[in-house]
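Me: Could you walk me through how the nonpolar and aromatic side chains pack in this one?

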Amino acid sequence: MSSAMRLLHTSDWHLGRSFHRENLIDAQAAFLDHLVDTIREHRVDVVVVAGDLYDRALPSVDAVRLFDRALGRIRETGARAVLISGNHDSMARMSFATGLIDASGVHLRSSLDGVGTPVVIEDEHGPVAFYGIPYLEPEIARHHWDLPERGHAAALGHAMDLVRADLAERPGTRSVVLSHAFVTGGEPSDSERDISVGGASHVPVPVYDGVDYVALGHLHGRQTITPSVRYSGSPLAYSFSEEHHVKGYWLVDLDADGLAGAEFAAAPVPRPLARIRGRIEDLLTRPEWESRTGHWLQITLTDPRRPAHPMDRLRERFPHVLVLDFAPEGGAPDTRPIAASVADRSERQVVGDFVEWARGTPATPEEEALVNTAVEQVRLQEGTR
């Protein structure tokens with residue numbers, strides 16, 4: 001029985017990212033430990049990472065060290081690695097010394113000049129061509145390739161034309177494309193950076209026609225657009241909109257004829273997420289919320305009046321509350337323009353309204369006296385100008 005080349009498809013590591021000011025570097029180190037274990041356990045031949053390796057163009061020292069260790073550990077397993085830059089990465093910085101590190105079996109593609117030139121890896125069935133298409137900023141790509149049209153679809157369409165032209169010169173060669181883009185039909189979350197500047201952000205699926213497998217990055221939820229076009233999603237949750245995501249990596253097999261199948265391997269969850277809502281006393285006392293005490297939480301309070309010291313009180317039961325919102329039950333927002341909503345109110349009344357809105361209780365007599373003094377002082381100063 002012949003064997004297949006096994007790929008591990010991952011993306012959107014965002015090394016160095018925090019979660020509502022919580023440092024995630026330890027959690028990112030843990031998922032990379034799991035990644036390496038998965039590579040060994042499943043005898044992965046090639047790891048493909050579809051962009052957003054870092055969270056910013058100038059990553060922290062800790063993030064760079066973690067990335068460096070990850071690449072070395074992947075190679076220690078015997079697997080090769082093919083990576084591309086994403087919209088969070090610096091294309092120029094990520095392309096530094098890539099020609100030198102190619103010899104190590106790590107192939108980072110972060111340049112428009114390399115689009116259409118594959119990394120070719122052999123197995124018992126012959127060659128597999130890996131084409132890296134880094135995130136294409138539409139205007140940069142348009143000027144680089146002198147394209148007649150603007151937008152993401154035009155840039156990626158041209159990139160894929162280069163891929164298909166090269167593949168046509170390699171009869172019988174199986175093919176994998178790495179691409180960082182927003183493909184039509186994908187479901188976004190709140191943690192992806194908007195890429196709509198420079199043209200419509202969506203790219204139609206048929207732009208990728210003609211290759212055996214497309215490893216997508218950018219969207220943070222795992223998704224199967226077609227059997228051969230998939231997002232792995234991020235290996236960690238980076239927004240509360242991802243509370244129901246199952247994070248991990250695709251394990252993809254290529255046999256002699258091309259794509260033979262794909263299965264998902266789940267990654268560890270450092271701390272689960274949840275969004276809960278209700279009145280503060282219910283949240284603090286009702287037993288059904290006990291299962292959320294260890295979660296990172298986004299809490300929406302629905303009390304008619306804003307409770308006093310809500311975050312301090314909530315953290316006595318829920319020590320990992322990160323976000324607190326207010327949505328009073330039955331409260332209808334004032335949709336009038338601000339000028340209209342205060343037109344019939346004195347300065348003292350406007351300040352008093354704000355205090356009651358922010359705290360849930362009216363200003364005390366002492367506070368009202370301070371407001372009166374402040375208003376009089378302002379009027380005296382305005383009268384001397």
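Here are some questions and answers on cores, ring pairs and charges over rings.

Reply: Before we start, this is a predicted model, where local features need pLDDT of at least 70, side-chain atom pairs count only at pLDDT 80 or more, and totals for chains, interfaces and linings use all residues. Residues are numbered from 1 along each chain as its sequence is written, and side-chain values use heavy atoms, with hydrogens and water left out.

Me: How many residues are in the largest nonpolar core?
Reply: A nonpolar core here is a set of buried Ala, Val, Leu, Ile, Met, Phe, Trp, Tyr and Cys residues joined through side-chain atoms within 4.5 Å. Buried means under 20% relative accessible area, exposed over 50%, partly exposed in between, with a 1.4 Å probe and protein chains only. W13, L15, F67 and L83 have the most contacts inside the largest core, and its residue count is 39.

Me: Where does this core lie with respect to domain 1 and domain 2?
Reply: Domain bounds come from an automatic or database domain assignment, which gives 5–266 for domain 1 and 271–335 for domain 2. Both supply residues to the core, so it lies between them.

Me: Which residues does F67 touch, leaving out those up to four places away in sequence?
Reply: Contact means heavy atoms within 4.5 Å. With that sequence neighbourhood left out, the list for F67 is W13, L15, L53, Y54, L83 and M94.

Me: How many aromatic pairs are there?
Reply: Rings of Phe, Tyr and Trp (its six-membered ring) pair if their centres lie within 6.5 Å; planes under 30 degrees apart count as stacked, over 60 as edge-to-face and the rest as tilted. By this rule the count is six.

Me: What kind of pair do F19 and F240 make?
Reply: F19 is buried at 1% relative accessible area, and F240 is buried too, at 3%. Their ring centres are 5.1 Å apart with planes at 50 degrees, so the pair is tilted.

Me: And what kind do W250 and F264 make?
Reply: Both W250 and F264 are buried. Their centres are 5.1 Å apart and their planes at 75 degrees, so this pair is edge-to-face.

Me: Which residue's charged end sits over the ring of W250?
Reply: A charge sits over a ring if NZ of Lys or CZ of Arg is within 6 Å of the ring centre and within 35 degrees of the ring normal. For W250, the charged end lies 4.4 Å from the ring centre, and the residue is R230.
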